[in-house]
Amino acid sequence: MATKKPTNKAASNTIVLDLNDEQTELLASVPWFNERYLLPGESVSDYDIDLQRLVESIDVKDPLDAILVKEIHDELREVQRMRALRQAILLRGMSHDLSNSLTNSYSRQDDLRVTMAVAEWQASPGKEPKALLILLSEAGITMERLLADAYKTETKQLQRLEVQVARHEKNVRETLKMIDIRRNHKLMRQRIEFDLEQDRQKLIADQSDGD
Amino acid sequence: MATEKQKQANKSNAQQSSGPQSEQGKLRSSINAVSHGLNKSMTILIQPEVTVLQSLFEDDGLPSDQAIELAEAHSARARVRAARKQAWESILSSQEMDPDERGRFSEASPEFLAEMDQTVGGKEWQTILPYFFLKPFSNEKERVDEVTITFLDKQRRLNRYDVKAVSTLSKLYKKAYKT
């Protein structure tokens with residue numbers, strides 16, 4: 001099912017899906033459906049565009065499907081936030097190890113090379129700027145070692161974080177199952193109704209023949 | 001077991017408390033309210049969205065009792081999500097640190113930006129990272145580590161309500177839409 005492109009009006013108020021007027025009205029009265037789960041600084045249009053993609057890929061057919069797809073969308077965004085936090089924890093750990101390593105080998109105040117190299121790394125942490133690589137190689141340290149050390153020193157936080165990622169991923173799987181269960185039920189109901197109708201027609205035909 | 005007199009004394013002392021003094025203590029207590037109310041039964045608090053959802057399920061061919069159970073379960077899940085959002089907002093507002101201490105990505109290379117987008121699977125890192133990443137030689141690491149652990153523990157405590165809400169929904173869907 002195609003969704004309406006989010007308009008400016010929609011972006012500020014409601015989440016717009018391509019449903020009939022009555023269905024749209026019903027969804028509008030579910031307050032949390034139209035509430036975008038956004039943190040300060042997150043973009044409304046990114047949220048709507050990602051939701052639209054999901055709606056199209058899952059082929060939403062009615063408001064109940066839409067509610068479940070939005071649940072999936074919010075869970076996936078939570079997974080992404082946790083992954084972002086994981087990156088922040090690792091980079092923070094690397095930054096700390098880098099500071100310690102450089103402090104042990106250089107005099108930070110006196111050495112302009114350290115200030116320059118750190119500023120360069122800070123703009124793209126985790127990367128390997130030349131100036132920093134030279135300093136690290138003089139001190140006998142590699143970026144891989146910094147990352148490995150960060151994994152080791154930040155284990156406590158990373159383990160807690162993985163629990164959260166697993167929780168949200170499980171919620172996504174469970175919600176997908178709910179969509180499937182509902183769709184299979186609908187399909188079965190249609191088949192049964194079709195069979196019953198065929199039986200009814202046959203019965204009427206048999207009765208006509210008997211007469 | 002505490003005597004009545006001891007209970008009264010505890011109550012009186014607690015009323016005189018001025019709350020947590022340390023930064024960590026303030027952070028912990030700032031997100032205490034997050035889980036408040038998550039155990040409430042929705043049958044007591046029939047809210048408008050429950051009624052709307054109930055009618056959606058009824059239109060889908062379910063009897064009233066199943067429709068209302070599913071509506072309540074969806075509403076409970078929405079409340080857990082709201083509590084998680086509140087926990088995030090609390091931690092972000094507690095991380096109002098000196099901008100000089102934070103990492104900055106304004107000069108980051110396009111390769112770095114692309115790699116982060118790919119690793120995280122979206123743009124969320126642009127919001128989260130500046131709050132939690134510290135530039136080298138920062139003195140804030142220990143504090144930010146503590147704050148992060150407190151936040152993750154809070155999220156873990158919310159899992160209890162999350163598991164309950166999602167497993168209840170799963171069971172109800174299986175029951176209502178069995179084939």
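## A loop to start from

Where in chain A does A:Asp59 lie? A:Asp59 is found in the loop between α3 and α4 of chain A. This is a predicted model, and the loop makes a handy doorway into it.

A:Asp59 has a backbone feature worth pausing on: its phi is near 60°, a positive value in a residue other than glycine. The residue counts as exposed, because it has 11 C-beta neighbours inside 10 Å and the cut-off for exposed is 12 or fewer.

## The two helices on either side

Let us turn to the helices that the loop joins. In chain A, helix α3 covers residues 44–58 and helix α4 covers residues 63–105. Their axes come within 10 Å and cross at roughly 130°. α3(A) and α4(A) are therefore oblique to each other, and their crossing is right-handed.

Which residues bring α3(A) and α4(A) together? On the α3(A) side they are A:Asp50, A:Leu51, A:Leu54, A:Val55 and A:Ile58. On the α4(A) side, A:Val69, A:Lys70, A:Ile72 and A:His73 meet them. Sorted by class, the residues of this contact are six nonpolar, one polar and two charged.

## Chain A as a whole

Stepping back, chain A has 211 residues, of which 34% count as buried. Its secondary structure consists of eight helices and zero strands, so the pattern along the sequence reads α-α-α-α-α-α-α-α. Taking the contacts in chain A with a separation of 6 or more, 62% are accounted for by residues 24 or more positions apart.

Two residues of chain A show how sequence and space can be read together. A:Ser45 sits in helix α3 of chain A and counts as exposed, with 10 C-beta neighbours inside 10 Å. From A:Ser45 to A:Glu154 there are 109 residues in sequence and 34 Å in space, C-alpha to C-alpha. The other residue, A:Lys152, belongs to helix α7 of chain A, which runs over residues 143–153. A:Lys152 is exposed too, with 11 other C-beta atoms within 10 Å. A:Lys152 and A:Arg173 are 21 residues apart in sequence, and their C-alpha atoms are 31 Å apart in space.

## How confident is the prediction?

The mean pLDDT of chain A is 81, and 82% of its residues reach 70 or more. Which elements of chain A have the lowest and the highest mean pLDDT? Helix α1 (residues 8–12) has the lowest, at 45, while helix α8 (residues 155–210) has the highest, at 90.

A stretch to read with this in mind is residues 5–11 of chain A, where pLDDT stays under 50. For these residues the model has eight contacts beyond four places in sequence.

## Meeting chain B

Now for the partner. Chain B has 179 residues, and buried residues make up 35% of them. Seven helices and zero strands are present in chain B, and its pattern along the sequence is α-α-α-α-α-α-α. Of the contacts in chain B with a separation of 6 or more, 76% come from residues 24 or more positions apart.

## Where the chains touch

How many residues does each chain bring to the contact? Chain B gives 57 residues and chain A gives 56. On the chain B side, the elements that give two or more residues are α3 (48–59), α4 (64–94), α5 (110–120), α6 (125–132) and α7 (141–176). Of these, α7(B) gives the most, with 16 residues. The residues on this side of chain B divide into 27 nonpolar, twelve polar and 18 charged.

For a closer look at one place between the chains, find α4(A) again, this time beside α6(B). These helices pack at an angle of about 35°, with their axes 9 Å apart, and their crossing is right-handed. From α4(A) the contact takes A:Arg81, A:Ala84, A:Leu85, A:Gln87, A:Ala88, A:Ile89 and A:Arg92. From α6(B) it takes B:Trp125, B:Ile128, B:Leu129 and B:Phe132. By class, this contact has eight nonpolar, one polar and two charged residues. Helix α4(A) thus appears both in the contact with α3(A) and in the contact with α6(B).

Note on methods
Residues are numbered from 1 along each chain as its sequence is written. Chains are lettered from A and ligands numbered from 1 in the order in which they are written. This is a predicted model: local features need pLDDT of at least 70, side-chain atom pairs count only at pLDDT 80 or more; totals for chains, interfaces and linings use all residues. Axes are lines fitted to C-alpha atoms, for helices over the stretch in contact, and angles run from 0 to 180 degrees between N-to-C directions. Helices (H or I, at least four residues) and strands (E, at least two) are DSSP runs, numbered from the N terminus. Angles under 35 degrees count as roughly parallel, over 145 as roughly antiparallel, 65 to 115 as roughly perpendicular and the rest as oblique. A crossing is left-handed if the near helix is turned anticlockwise from the far one by less than a right angle, and right-handed if clockwise. Two residues are in contact if their C-beta atoms, placed from the backbone, lie within 7 Å. Ala, Val, Leu, Ile, Met, Phe, Trp, Tyr, Cys and Pro count as nonpolar, Asp, Glu, Lys and Arg as charged, and the others, Gly among them, as polar. A residue is buried if 20 or more other C-beta atoms lie within 10 Å of its own, exposed if 12 or fewer, and partly exposed in between; C-beta atoms are placed from the backbone. pLDDT is the predictor's confidence in each residue, from 0 to 100.
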